Amino acid sequence: MEATIPKPSIKEVTQKAWNKRPLIISGPCSAETEEQVITTAKQLAETGKVDIMRAGIWKPRTRPGSFEGIGTKGLAWLQKAREITNIPWAVEVATAKQVADALHFDIDVLWIGARTTVNPFSVQEVADALRGVDVPVLIKNPINPDLELWIGAVERVAKAGIKNIGLIHRGFSSYGNTDYRNAPMWHLAIEMKRRHPELMMINDPSHIAGRRDVLLDVAQKAIDLDFDGLIIESHLDPDNAWSDAKQQITPQRLAEMLNTIVWRKEDINNEELHNNMEKLRQQINHLDDELLQLLGQRMKIADKIGAYKKENNITILQTNRWNAILERAYVKGEKLALSKEFITKYFDAVHMESINHQNKIMNS
Ligand code: PEP
Ligand code: MN
């Protein structure tokens, strides 16, 4: 008789998925019908590229009247799909009742959505419901760009005894038209990684982009920035999805996209590569030192100008002069391949420092 290799338990599969890099999570924004869940799961499994599946069961919608999720009955569909594919599921939870329901249906991974992370009462309610439970939890950044709220949510969940905590960077709300549905503000994600290097962080290009055409760009940028993985919404018929239709892609398109992404390594193992990188880094350090020296000199001149302005009783801010400086810099910057955005930010910072120096002189 042939020995049969026992199928790994779903707990083992989940733990393995959690530790895999890059971690890929995909599935529909919302579970809509049993048929949709099962067919999507089968197609995602066929790609061989999805470690964990996602689906929204309760949807926190900005305005009432749109589809607010299929509710608890959808959890049974996820269980059924899991029996077929042996791939774990993740769902969003925002209340103690939702946690209880999700756990009752053995959901493998839970996530806290961006609209929940903003509210310490809700996060605490979810955390209390998780006490004594062994389930991995992903925490999305809050919709507003406030790192402390994000960290606070991590602390509440950690205090409840949850060991496996991960982060999802899904961008931040902003007012008015922007390139993306949610501004990525990459620097905040990077700062969060710096403060909590022990937590995995994956990127959610779907909710950042809000549309299919820039999804790949956002995903590639995240991988270039050494994120641990991606969570991407996929749907059998994206245009007719009941929520987030514009940003979802088919499982086939997902597979193509994951093949197109250039996956990068953080570690430099190869010695020659390492030496070459070291040389280039030395050059960067050297140039940075020079730039700092020059900035110091620039501020000394600003101090002199401050003294003149004080003697002659004229204002610090001279708008015309400032516009002239910027215009000159844009023209020069363009030739040096420096973006207008960078020039503006750089000169704003230099200008502010200059004004602070002059302020000190004026008031001394
Ligand atoms: C979602 O993942 O479908 C969702 C509601 O996302 P977010 O919490 O990032 O808005
Ligand atoms: Mn969505």
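Select Leu 167 and Met 201 first: Met 201, in β7, is the bridge partner of Leu 167. The model is predicted. Now widen the selection to the two strands, β6 and β7 (residues 200-203), which pair in the parallel sense over four bridges. To follow the connection between them, add helix α8 (residues 186-195); β6, α8 and β7 make a right-handed β-α-β unit.

Next, turn to the other partner of β6. Select Lys 140 and Ile 168: in β6, Ile 168 is the bridge partner of Lys 140. Strand β5 (residues 137-140) pairs with β6 in the parallel sense, again over four bridges. Add helix α7 (residues 147-159) to see a right-handed β-α-β unit made of β5, α7 and β6. Strand β6 thus takes part in two such units, with β5 and α7 and with α8 and β7.

Stay on β6 and show its side chains. Is this strand mostly covered or mostly uncovered? Mostly covered: over residues 165-169, five of the five residues are buried. Ile 165, Leu 167 and His 169 point one way from the strand, while Gly 166 and Ile 168 point the other way. Both sets are buried.

Move now to the manganese ion (ligand 2). Which residues supply its protein donors? They are Cys 29 through SG, His 207 through NE2, Glu 233 through OE and Asp 244 through OD. These donors lie 2.1 to 2.4 Å from the ion. Along the sequence, the donor residues are spaced C-x177-H-x25-E-x10-D. Color helix α9 (residues 205-209), where His 207 lies, and the loop between β8 (229-233) and α11 (251-260), where Asp 244 lies; the pair therefore ties together parts that are 37 residues apart in sequence. With the surface displayed, check the burial of this pair: His 207 is buried, and Asp 244 is buried too.

For the last stop, select Glu 68, in the loop between β2 (52-54) and α3 (73-85). Its relative accessibility is 44%, so Glu 68 counts as partly exposed. What is Glu 68 in contact with, leaving aside its neighbours within four places in sequence? Show Ile 57, Trp 58, Lys 59, Arg 61 and Arg 63, which are the contacts of Glu 68 once those neighbours are left aside. To relate this stop to strand β5, draw a distance from the C-alpha atom of Glu 68 to that of Val 137: the separation is 22 Å, for two residues 69 apart along the chain.

Notes: Residues numbered from 1 in each chain as written. Chains lettered and ligands numbered in written order. Predicted model: local features only at pLDDT ≥ 70, side-chain atom pairs only at ≥ 80, totals over all residues. Heavy atoms only, no water. Donors = N, O, S within 2.8 Å, 3.2 Å for Na, K, Ca; no water. Buried < 20%, exposed > 50% of the residue type's maximum accessible area, 1.4 Å probe, protein only. Pairing = 2+ DSSP bridges. Right-handed = clockwise from strand over helix to strand, strands pointing away. Contact = heavy atoms within 4.5 Å.
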